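These are my notebook entries on a structure I looked through, kept in the order in which I checked things.

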Amino acid sequence: MISCYNKEGIGDTLIIMTGNSTFAEQKFESKGSVTRIFKSETNETVGFNFFNVSDILSVTGNGQVNLTSKEVSLLNEKLKEVGFADVLEADETPKFVVGLVKECVPHPDSDHLSITQTEIDNGEIVQIVCGAPNIDKGQKVVVAKVGAMMPNGLLIWDGELRGEPSHGMICSGKELNLPDAPLEKGILVLPASAVVGEAFPVGA
């Protein structure tokens, strides 16, 4: 689930995205101050817009919002109140974390992609396809997990690159909007002392 808020840009509206979809696939259904977004062919819910969200909870910031379990409970109460049966699930884990590249092999159908097995927390390993020229086994890196929103607005979902599943993104300093980002092309390589699974601060 990806939550974002930009009061100056779109008003007092909290946008919740629970799945990936294109605009052409989407239909909308409104009840009270809540609009449900769903896929027209399957009726699968892919998001909600909560208008006048400050009437429900206090939201600050500009961009991705990390909601607490209590805040998600309040949103679920609102969904039930207006007549939607969907239930949102809270996830308070950080979306940008230190990862360790445990394995890195060339993609069989690409001359520039690599397939990595990257540890993101306490033995949890995910496959991430990466196009950076400097990616290598043993590196400590920054991983944008599924459910992250990049500083430029890119949403990170489960995906596939040239037929290989990819669950997250290994990031460059520029993609993270770091003020001292290296100029050369490639992912950001962290010091060996970086702790796997620890949250990594991202630029606005």
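Which residue in β2 does Ser-3 stand opposite? I found that Ser-3 faces Ile-16 in β2, and I note at the outset that I am working from a predicted model.

**Entry 1: the open sheet**

I next looked up how β1 and β2 are joined, and found 4 bridges between them, with the two strands running antiparallel. On the other side of β2, I recorded an antiparallel pairing with β5 over 5 bridges, in which Thr-13 stands opposite Phe-51 of β5. I also checked how covered β2 is, and 4 of its 5 residues turn out to be buried.

Following the pairings outward, I wrote down an open sheet of 6 strands in the order β3-β4-β5-β2-β1-β6, paired in the antiparallel sense. Its edge strands are β3, residues 26-31, and β6, residues 63-64, each of which pairs on one side only. For β6 the partner is β1, residues 2-5, and I noted 2 bridges in this antiparallel pair, where Cys-4 is opposite Gln-64.

**Entry 2: the helix across the sheet, and Val-34**

I then looked for what lies across these strands, and found helix α2, residues 69-82, which lies across β2, β3, β4 and β5 and runs at about 90 degrees to β5.

Within β4 I picked out Val-34 and asked myself why it counts as buried. Its relative accessibility is 0%, so Val-34 falls in the buried class, for which the cut-off is under 20%. Leaving aside residues up to four places away in sequence, I listed its contacts as Glu-29, Phe-48, Asn-49, Phe-50, Lys-78, Leu-79, Val-82 and Phe-84. I looked up Phe-84 in particular, which is 50 residues from Val-34 in sequence while their C-alpha atoms are 9.1 Å apart in space.

**Entry 3: strands β7, β8 and β9**

Moving further along the chain, I checked β8, residues 114-121, and found it mostly covered, with 6 of its 8 residues buried. Strand β7, residues 96-106, pairs with β8 in the antiparallel sense over 6 bridges, and I noted Val-101 opposite Thr-118 of β8 as one position in this pair. Strand β8 is also joined to β9 by 7 bridges, again antiparallel, with Asp-121 standing opposite Glu-124 in β9. The hairpin of β8 and β9 has 2 residues between its strands, and there I recorded a positive phi near 40 degrees for Asn-122.

**Entry 4: the enclosed space**

How many cavities of 30 Å³ or more does the structure hold? I found 1, and the space in the largest cavity comes to about 100 Å³. Its lining includes Met-1, Ile-2 and Ser-3, together with Gln-64, Val-65, Asn-66 and Leu-67, so I came back here to the Ser-3 of my opening question. By class I counted its lining as 6 nonpolar, 3 polar and 3 charged residues.

**Entry 5: the largest pocket**

Lastly I turned to the largest pocket, which holds about 560 Å³ of space. It is lined by 31 residues, and those closest to its centre are Cys-130, Gly-131, Met-169, Ile-170 and Glu-175. I checked which strands contribute, and β9, residues 124-130, β11, residues 159-161, and β13, residues 169-170, each supply at least two lining residues. By class, I wrote the lining down as 18 nonpolar, 8 polar and 5 charged residues.

Technical notes:
Residues numbered from 1 in each chain as written. Predicted model: local features only at pLDDT ≥ 70, side-chain atom pairs only at ≥ 80, totals over all residues. Heavy atoms only, no water. Pairing = 2+ DSSP bridges. Contact = heavy atoms within 4.5 Å. Axes fitted to C-alpha atoms, helices over the stretch in contact; angles between N-to-C directions. 1 Å grid on protein atoms, 1.4 Å probe; cavity = no way out; pocket = protein on both sides within 12 Å on 5 of 7 lines; lining within 4 Å. Points joined across faces, edges and corners; volume = space filled by probe spheres on them. Nonpolar A, V, L, I, M, F, W, Y, C, P; charged D, E, K, R; others polar. Buried < 20%, exposed > 50% of the residue type's maximum accessible area, 1.4 Å probe, protein only.
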